[in-house]
There are 2 protein chains.
Amino acid sequence: MTDDSADESDAGRRAPLTGRELAKALGISQSTISRAFSEGATISPKMRAKVLEAARELGYQPNVIARSLTTRRSGIVGIVTANMTNPFYVSILQPLARRLQQMGLQTLLFSVPSGQQIDSQLPLLLQYNVDAIVVMTGTISAEMARRWADAGRLVLPFSYTIPELDLPSVSCDNEAGGRAVAQHLVQMGHKRPAFVGGHPHSATSVARGRGFAQGLEELGVPLFGRLDTGEYTYEGGYAAALELGRTRPDAIFFADDIMALGGMDALRFGLGLSVPQDISVVGFDNIPLAGWPTYELTTFAQPVEPMIEAAVRLLTRRDGEAVTAEHSALLPGTLVQRKSVRARGR
Amino acid sequence: MTDDSADESDAGRRAPLTGRELAKALGISQSTISRAFSEGATISPKMRAKVLEAARELGYQPNVIARSLTTRRSGIVGIVTANMTNPFYVSILQPLARRLQQMGLQTLLFSVPSGQQIDSQLPLLLQYNVDAIVVMTGTISAEMARRWADAGRLVLPFSYTIPELDLPSVSCDNEAGGRAVAQHLVQMGHKRPAFVGGHPHSATSVARGRGFAQGLEELGVPLFGRLDTGEYTYEGGYAAALELGRTRPDAIFFADDIMALGGMDALRFGLGLSVPQDISVVGFDNIPLAGWPTYELTTFAQPVEPMIEAAVRLLTRRDGEAVTAEHSALLPGTLVQRKSVRARGR
DNA sequence: TTCAATGTTGCATCCGGATGCAGCCTGATG
DNA sequence: CATCAGGCTGCATCCGGATGCAACATTGAA
């Protein structure tokens, strides 16, 4: 634009251009630069265009850190996760991160020991002016949740809920899913269906188990057996299936896919049973592995896409609108029938 | 401590305590607070203790954002990844993130479309004053790499290298791995070994393939077939195995495990072959799935732990010491023998 | 043509910590 | 007891943008 802009664009310069430098080059004030880059600021369209054009030319971009110092917003969303070995979480994490990126948000990954209270980690995240956190695991104290709400920060349990707190959450309708599985199994003629949960107190596991048990009860089939020691892992599912399998159920519903796969391997290799000839297996999540020919696992699919969209919508709300439990999204999933369930004659 | 500290600790306060507030409460200056929290600052041990104690009591923690504005360091490490569906990356990401956390560093997750140049994303990361980036995929232009080096930022290719650039990197000795696989297969009596790579130009795939080919050559066994269309995915491996399998090799070495698993399924379910009776399969990485009883995949294990330690060591270097390609860590892996390779008689 | 209302821009200051420099205090030395 | 060095602390200012308020420009109406 102006003449002395030339040396500013010198490729050799180290530090990135600051707003004041750009302002000087254009003969205007730093405030104007700032306004050109903020949405609703009072600035003439002509001036804004001029600034943006010059910025593009000279490679100026507002420094996010400095900005967040005053705005107290960072454009960063924290994601708290444990157990990333579970493919389901990965199949969430990847698209979620990418969607957030598209919306101009960054993703700060936070890995916590499985099942633990995450309170102790949160102040640290607050330090980074994280705008919101998506919690895929663990529990939060009411006290800490309140502190975050007070600070205008959204805490969003994803794919599970923390029943005691008034937090919005995004999850699949787990209870309906459990019920759907029960109906399917009964319809296919099963008489001795069993259930393997993740943890006895995990809200997710409890909901799926409850839906399953109620669905069976409604159809007059008793729950043949139950174990809550699957821990949402392959190994846990393997061990649980080994134990439960000896009692000869004719079907096992696992509260998630990775446990179901472990369970199938236990039934096949540990007990020498054949799935689905000797026993049917159903999972929950519909991770990619469930479709592999070795497993062909029938499973209740979580609506991953809609869940991510719902989360993104909540995360990109303008402040001011408080977001409470009423904004929760409880989305319906669908039963995906493959080959791990067989009709049993009677 | 002092009397008016009482109302500072009032649980109802919204914004976190600032250094100036804490200073006032203690009757000292903000500079002193700052010094108490920075490593090599000139401050008496007694004063530091007093400040830290009061800080703990009143819940003060220095604001990371403000700090990074002047220091130009943020304590954040960016991790650039594509293809998180590959369990290998997950098995790196999780422990790496946790280790970094232990060192007081945060992890900013950056997901880019697979195989793409990541240049366009990097300025954004620089905006966040990210201290370093760990690149698990993609390529960087020399220009951009230089810009980062100039800014005192470490760019660390992990588990692969970008041959043209003078960057340190952490990876497994892929060529040695390929050679070890060749030796094992020949020793087990294979005469028609084939190779499936990820991409024709991927440095990793090329190195593994070269080691394999050279190893075979040294032992006087010709490479029976080769395909570089595996794309590091299950589906790619499946397709490649289908194609290659028809030519009847007696063993296939896949450049990574996930392709190998796809390949095994293709051989078994697509071609009706039995592994290892009809054909042997070897992978690379040693992901958890490789040990599952359905697969029992023989594979060359990457030394994940040492690789992560090496990365953390490079990432936590004090500045000033330039880190160049000479600091690269090329770590040895080990062949894990399971049941997907069978000795072939004459 | 004049005055007011509206629209733009600049000035000054703030966000929370880091840091160069000056001033103070301590203790050791002569 | 005086003096000087070295160790600590406080003061002032900076990092890069955001923003309330005042000043100025523009436009339209009277």
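**Aromatic pairs, buried residues and the DNA surface**

Modeller: In this predicted model, the surface near DNA strand C draws at least two residues from each of helix H3 (30-37) and helix H5 (64-71) of chain A and helix H2 (19-26), helix H3 (30-37) and helix H5 (64-71) of chain B. The largest share, five residues, comes from H5(B).

Colleague: Which residues are the closest to DNA strand C?

Modeller: The closest are A:Thr32, A:Arg72, B:Gly19, B:Ser34 and B:Arg67, out of 28 residues that surround the strand. Of the atoms of DNA strand C that come within 4 Å of the protein, sugar and phosphate account for 55%. By class, the surface has eight nonpolar, 15 polar and five charged residues.

Colleague: What makes B:Gln30 a polar contact of a base nitrogen of DNA strand C?

Modeller: A polar side-chain atom of B:Gln30 lies 3.0 Å from that base nitrogen, and the cut-off for a pair of N or O atoms is 3.5 Å, so the pair counts. Two phosphate contacts pass on the same cut-off: a polar side-chain atom of B:Tyr60 is 3.1 Å from a phosphate oxygen, and a polar backbone atom of B:Asn63 is 3.1 Å from a phosphate oxygen.

Colleague: Why is the pair of A:Tyr295 and B:Trp292 called edge-to-face?

Modeller: Their ring centres lie 6.3 Å apart and their planes stand at 85 degrees. Pairing needs centres within 6.5 Å and edge-to-face needs planes over 60 degrees apart, so both conditions are met. The count over all chains comes to 20 aromatic pairs.

Colleague: Why does this pair join two chains?

Modeller: A:Tyr295 lies in the loop between strands E9 (280-285) and E10 (298-301) of chain A, and B:Trp292 in the loop between strands E9 (280-285) and E10 (298-301) of chain B, so the pair joins two chains.

Colleague: How do you know whether A:Tyr295 and B:Trp292 are buried or exposed?

Modeller: A:Tyr295 has 2% relative accessibility and B:Trp292 has 7%. Buried means under 20%, so both residues count as buried.

Colleague: What makes the pair of B:Phe195 and B:Phe212 tilted?

Modeller: The planes of B:Phe195 and B:Phe212 are 35 degrees apart, with 6.1 Å centre to centre. Stacked needs under 30 degrees and edge-to-face over 60, so the pair falls to the remaining class, tilted. B:Phe195 is in strand E6 and B:Phe212 in helix H10 of chain B, 17 residues apart.

Colleague: What makes A:Arg208 lie over the face of A:Phe284?

Modeller: A:Arg208 is 3.8 Å from the ring centre, and the distance limit is 6 Å.

Conventions
Residues are numbered from 1 along each chain as its sequence is written. Chains are lettered from A and ligands numbered from 1 in the order in which they are written. This is a predicted model: local features need pLDDT of at least 70, side-chain atom pairs count only at pLDDT 80 or more; totals for chains, interfaces and linings use all residues. Side-chain values use heavy atoms; hydrogens and water are left out. Rings of Phe, Tyr and Trp (its six-membered ring) pair if their centres lie within 6.5 Å; planes under 30 degrees apart count as stacked, over 60 as edge-to-face and the rest as tilted. Helices (H or I, at least four residues) and strands (E, at least two) are DSSP runs, numbered from the N terminus. Buried means under 20% relative accessible area, exposed over 50%, partly exposed in between (1.4 Å probe, protein chains only). A charge sits over a ring if NZ of Lys or CZ of Arg is within 6 Å of the ring centre and within 35 degrees of the ring normal. A residue is near a molecule or strand if one of its heavy atoms lies within 4 Å of it. A polar contact is a pair of N or O atoms within 3.5 Å; within protein, one must be able to donate a hydrogen and the other to accept it, and residues adjacent in sequence count only if both atoms are side-chain atoms. Ala, Val, Leu, Ile, Met, Phe, Trp, Tyr, Cys and Pro count as nonpolar, Asp, Glu, Lys and Arg as charged, and the others, Gly among them, as polar.
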